[in-house]
Structures are given as structure tokens and as C-alpha cells.
Amino acid sequence: MIGGVQTFHDCSDSLNNALILASVADGVFTIDRNRIITSFNRAAESITGWKADEVIGKPCSEIFHSSVCGGDCLLMKAIDHNSLYIDRSIFIKGKAGNSIPVSISSAPLFDDFGNIIGGIETFRDNTSSIRESLILDSIADGVFTVDRNWNITSFNRAAEEITGWSRDDAMGLSCSDIFHSSICGKNCAIAESLYKGAPVANRSITIRNSQGDKVPISISAAPLTDHEGNIIGGVETFRDLTAITALRQQLHQKYTFDAILSKSASMQRLFSILPDIARSPSTVLILGESGTGKELVARALYNSSERKDKPFVVVNCAALPETLLESELFGYKAGAFTDARKDRIGRFAAAEGGTLFLDEIGDIPGSVQVKLLRVLQEKVYEPLGSNTPVKADVRIITATNRNLQALVREGAFRDDLFYRLNVVKISLPPLRERKEDVPLLIDHFIKKYSAQQGKDIVGISSGALTILMRYDYPGNIRELENIVEYSFILCEGGYIQPHHLPESFAAGHEEATPAAPRDHGPQTLEDIEKQAIILSLERNRWRKMVTCRELAISKDTLRRKIERYGIANPLADEPEHEE
């Protein structure tokens, strides 16, 4: 022996390949053409629980027991047909016998000469994603996500049920193509959450389902971020409000009599007696400030009466001059005056068998008062130019915003006519005394003008509502309706915001936004309570029953607290009107 020889070759590639396979997060294994496992990486060990030295040399079917083992084996199909199978979801068995959901990709394995010598399969543990999917599908609320291009990237089972769209059909489409909601576009809740980078919660809107039917839902939206906090899209949850809306409609009916809406105690008492008044043939006098809805009450009485199939005739007594009012009411015969070329029936004849509503009754002149008194007493009248009495089967409802008793004292209104009209008296409170009706009325007017103007305005923001709740409405309900109608001019859709209100409100109108109480430092609960009572009394002009309803306390409790806190009434010299 004169020496030795040593051979060596560069194994960098194989070592690098081994290191790469060991570092891959997905499980990777290879088989030969007889389905015997020839390699098994570290991730495959972690996912299955088997060690490499336990599985190498064994048939893969003995290790995995998958749902496609046998004739459906994807890896053998890849080998036999020289094809790829990517991202197929199956279940395999772990070493402990547990089922593991995995996503697999299979491909043939080639040698250096391009010959197929086996197959390679990668598999990814889908347990976490499956669990998350099951959780999402178990949520009763609809959940969907979008990317930054508004394309839907996930859609849970509840979303399918509420919208009628399947997940497969919804995925990849623009969310506006699926939902057709009342705030799609610039008022989109997801868009707002993305632009602000903050959640948007509990907005009530309507969407259209796959059948085109409107579905009321409540939505919440938030940005969708990655692990580094970058916004990658948005997520929205939505709840079907169909049942709640039906319940709300039932409650709404409780606050409704015909076309009148109110939840205030005084109006609810009125609702309880209106059916009885409607069935009665007695004359009704409706009192209330301008804009309180006197004609609505008159129409409600007519619609609930036995005369509802007969005419309902309205006469605004203040809109007609004295010379025309008499002929309008009672009609005239040809030749009664210069231009009377033929007979003409009056409003009493037009309302025969039905109801005649005389609005602004306090403005009728004395000469007409006498004739009206005769109709009320004897149920007959005489047209101008005629001496023949005409019978009148008409129920009379009157209304005025004037104080008839004061007019009687002044001699401007006949006392006998007043007592004939004042058989049944209905007094309508002004809107400032029934502030709880403001949200109800706003909702009603929004629905009215949305239908008329075809705008997708679904409600009013809390900021705008707060401003309107602080206003006293000298023009009453009519003024509130005008405010909503004005807001529809500026608001393009979604929610009415403070800047959509008339300029006097948006600029901080002093009547709409009272000055905030001065800050005198920390206050006790008694100080706060005293201040609340004083503010409520001032707001209601010291009407105690109204104040009690607003504060939800009894009259005795209010009296005790006024005495306890030494609250003085600056209007003590004025007569107190409880209701």
C-alpha cells in the first residue's frame, strides 16, 4: 500500500433542498410509483403527528387514510395522467386517529431525464380556517367582507339566507350589485368606516334581496386590517329587522288614529274617545293653534263615522269675503244678485248626507252667524234669493285657532252660536307640549317625501334630531313638515344631517339650541335635579302637569321638590293652565 484516494462530490443542492423542505410551512411528502412514501418533511410531521422514520417505506394509504384513498387517489391520478391537481379539500387521519381537514395539491415527480418516478403532494392544515368558517356560518347575523375595490371576498350562511344570494354567486361581485341598499354610493357604511378608519354601528337601512323585495336590516361596518394594521378591505354585519319592523308597525298602529300620529298622553286620551265622537251626530268644535292638525282630526272623525260614504266638504271661512261666504255656504237662486244668472247650490247642499267642515269658524261675519245658528237649531236654511226653506242633513264640524269665549265677551261672536257649536270640544295641544311626537312625525314625513321624491333618505342623524328636539315650533306640525321638506332639497341620500336643516338651525339658531348652563364646577345630584326641574318648568311655562309628564314624576313629587329647593315661579301673577 503506497497511499490512499478519496472521492467527494458537491452536495450543496441536496442539502439546500432538504433545508428548504424542512422550512416549508405546508406538509410535503413524496411516493414512488408503488405508492410507498419516500420523503416526509417537518411540517408533515407536525400536521399528522407521524415522524418521518415511522412513515418512510410504508404505503401512503396506511398513513393518511384520506377520503380519496383508493381509486380516487389524486396523487396516483397525477402520476398516471401526468397532470396537476391544485387546492382540493379532503380529510386525512392523524396518528392519533383524529380527522384533519387539509387542502392538497398533487403533481408527478420526475428524475433528471424527465421520467416519472413517483409523485409529490403538498397539504395545508385547514383546521383554523374551517373553524373560522363554521363560526361565521353559525352566527345569526349576516357577515360579508370586501376588498378595497368593493368586491365581496367572504359571505356567510346567514348572509345567504337574508339576501337570497348564494355564496358562490356573491363572491367576487361588487357589494352594491348584491345589496342594492338605500345607502349604496357616497353614503355607504363600509366606505365611511374605511375613510374614517373607525367602525360605523347600528344603522337601519333597506336592501333588496335576490327576488327584488325590500328587506329592512340593521348594519355595522368596520375596516378589515392585516397583521400589520394595513386596511385591506371592510367587514359588515347585518341583522334582518323584518320581524322587528312588523312589531314596530303594530306599535305604530297604537300611536295612530286614522292619519293622526302621536304617542303623547294627551293625544292618546283623545284617540280613546274619538271613535265615540265619530259615531255621534253632534256638532264638534276643534280648538288648537295653527298647524296642529285640526283638519286631520276632522277628516278622522268623518272617516270613522257612519257618513264616511257621503261627501266631506271643507270651507275655510277666513279665505272668503263676507259677500261671498253666505252664497258659498247656502247657494243662491238665479236673479238673487247681478251676476246670478242661474241657480247654484252651496256647500251645505254639496255635503248633504255627509259632513261639512267649517275651518276658521271664528272669522265668520255676524250676518252669516245668524243663518248658521238657524241651520244648527232647525236643520234648515234658505239660499240667497229664495224664501223656501231647504232641509239640511249635514253633520257640522268646526275648527278655529281663536279664543271664541274671548270673542263672545267682546261681542264679535254670538254666544248662542258658540253654545251650539260647543257641544263636543276637542283641544289639540301644540307640538311644543308633545315633544315626544317629534321623532315619530319626522319618520312619517321622511317616508312621505322619500316616496314622493324618489330619494333614498332613510332617517335623521342623532345630531340633527337633537337640534329639532330643542326647538319650540311656533308653526307646530306644519312647520316641522316644512323643515323636513327643506332638508330633502339638500340631502341626497342616507341620513339627514345638521347641515341639511334650514340655515337658522344649522347656524345654531338661538331658539333651536338654548344656551348651555354655566359650569359652576362639580355639582351634586341634588344640584343637577334642581336644575333639571327648573329647566323643565321654564320650558313648559310652569304648567305642572306637562312638566310631570316630561320628568316622569307625580304632581305631589313635583310639588315637594319645588318646596324643598325653594323654586320660585316668576309667572306667579299669571293664571296657571294645567292643560
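**Exercise 1. The surroundings of P439**

Task: In this predicted model, determine which residues P439 touches, not counting residues up to four places away in sequence.

Solution: Begin by placing the residue, since P439 belongs to helix α19. Next, list its partners: once residues up to four places away in sequence are not counted, P439 touches L465 and M469. Then take the first-named partner and compare sequence with space: P439 and L465 are 26 residues apart in sequence, while their C-alpha atoms lie 7.4 Å apart. Finally, consider accessibility: P439 counts as partly exposed, because its relative accessibility is 34% and that class lies between the 20% and 50% limits.

**Exercise 2. A salt bridge that involves helix α19**

Task: Find which residue forms a salt bridge with K448, and establish where in the chain the two partners are located.

Solution: The partner of K448 is E481, and the closest N and O atoms of this salt bridge are 2.6 Å apart. The pair links distant parts of the chain, for E481 sits in helix α21 (residues 476-490) and K448 in helix α19 (residues 438-453), 33 residues apart. As a last step, compare the two accessibilities with the limits: E481, at 17% relative accessibility, counts as buried, because buried means under 20%, whereas K448, with a relative accessible area of 32%, is partly exposed.

**Exercise 3. Two further salt bridges and a network**

Task: For R299 and for R414, name the salt-bridge partner and state whether the residues involved are buried, partly exposed or exposed.

Solution: R299 forms its salt bridge with E295, with the closest N and O atoms 3.2 Å apart. The positions in sequence help to account for this pairing, because R299 and E295 are four residues apart in helix α13 (residues 294-303) and are therefore separated by about one helical turn. Both ends are partly exposed, R299 having a relative accessible area of 35% and E295 one of 32%.

R414, for its part, forms a salt bridge with D416, and here the closest N and O atoms are 2.8 Å apart. R414 is partly exposed at 33% relative accessibility, and D416 is likewise partly exposed, at 27%. Side chains of opposite charge can pair when their charged atoms come close. To complete the survey, note that E328, R344 and R347 are linked in a network of salt bridges, and that a search of the whole structure finds 21 salt bridges.

**Exercise 4. The loop residue E433**

Task: Identify which residue has a side chain joined to that of E433 by a polar contact.

Solution: First locate E433, which lies in the loop between β19 (424-427) and α19. Then examine its contacts: leaving aside neighbours within four places in sequence, E433 is in contact with R543 and V546. Of these, R543 is the residue sought, its side chain being joined to that of E433 by a polar contact of 2.7 Å.

**Exercise 5. The nonpolar cores**

Task: Describe which residues of the largest nonpolar core touch the most other members, and which elements give two or more residues to this core.

Solution: The largest nonpolar core has 28 residues, among which F348, L358, I361, L372 and F413 touch the most other members. The elements giving two or more residues to this core are β14 (312-316), α14 (322-330), β15 (355-359), α16 (366-378), α17 (404-410) and α18 (415-421). The largest share, five residues, is supplied by α16. Now follow F413 outward: leaving aside neighbours within four places in sequence, its contacts include I361, L404, L407, V408, F418 and L421. A second, separate core comprises 26 residues, including F29, I37, L74 and I90.

**Exercise 6. Helix α5 and strand β10**

Task: State which strands the buried residues of α5 pack against, and which strands pair with β10.

Solution: The buried residues of helix α5 (residues 74-81) are L74, L75, M76, A78 and I79, and these pack against β1 (27-32), β3 (85-93), β4 (99-110) and β5 (116-125). After α5 comes N82, whose phi is positive, near 50 degrees. Turning to β10 (residues 231-240), this strand pairs with β6 (residues 142-147) in the antiparallel sense over six bridges, with F144 standing opposite E236. Strand β9 (residues 214-225) also pairs with β10 in the antiparallel sense, over nine bridges, and S218 stands opposite R239.

Technical notes: Residues numbered from 1 in each chain as written. Predicted model: local features only at pLDDT ≥ 70, side-chain atom pairs only at ≥ 80, totals over all residues. Heavy atoms only, no water. Core = buried A, V, L, I, M, F, W, Y, C linked by side-chain atoms within 4.5 Å. Buried < 20%, exposed > 50% of the residue type's maximum accessible area, 1.4 Å probe, protein only. Contact = heavy atoms within 4.5 Å. Pairing = 2+ DSSP bridges. Salt bridge = Lys/Arg side-chain N within 4 Å of Asp/Glu carboxyl O. Polar contact = N/O pair within 3.5 Å; in protein donor to acceptor, adjacent residues only side chain to side chain.
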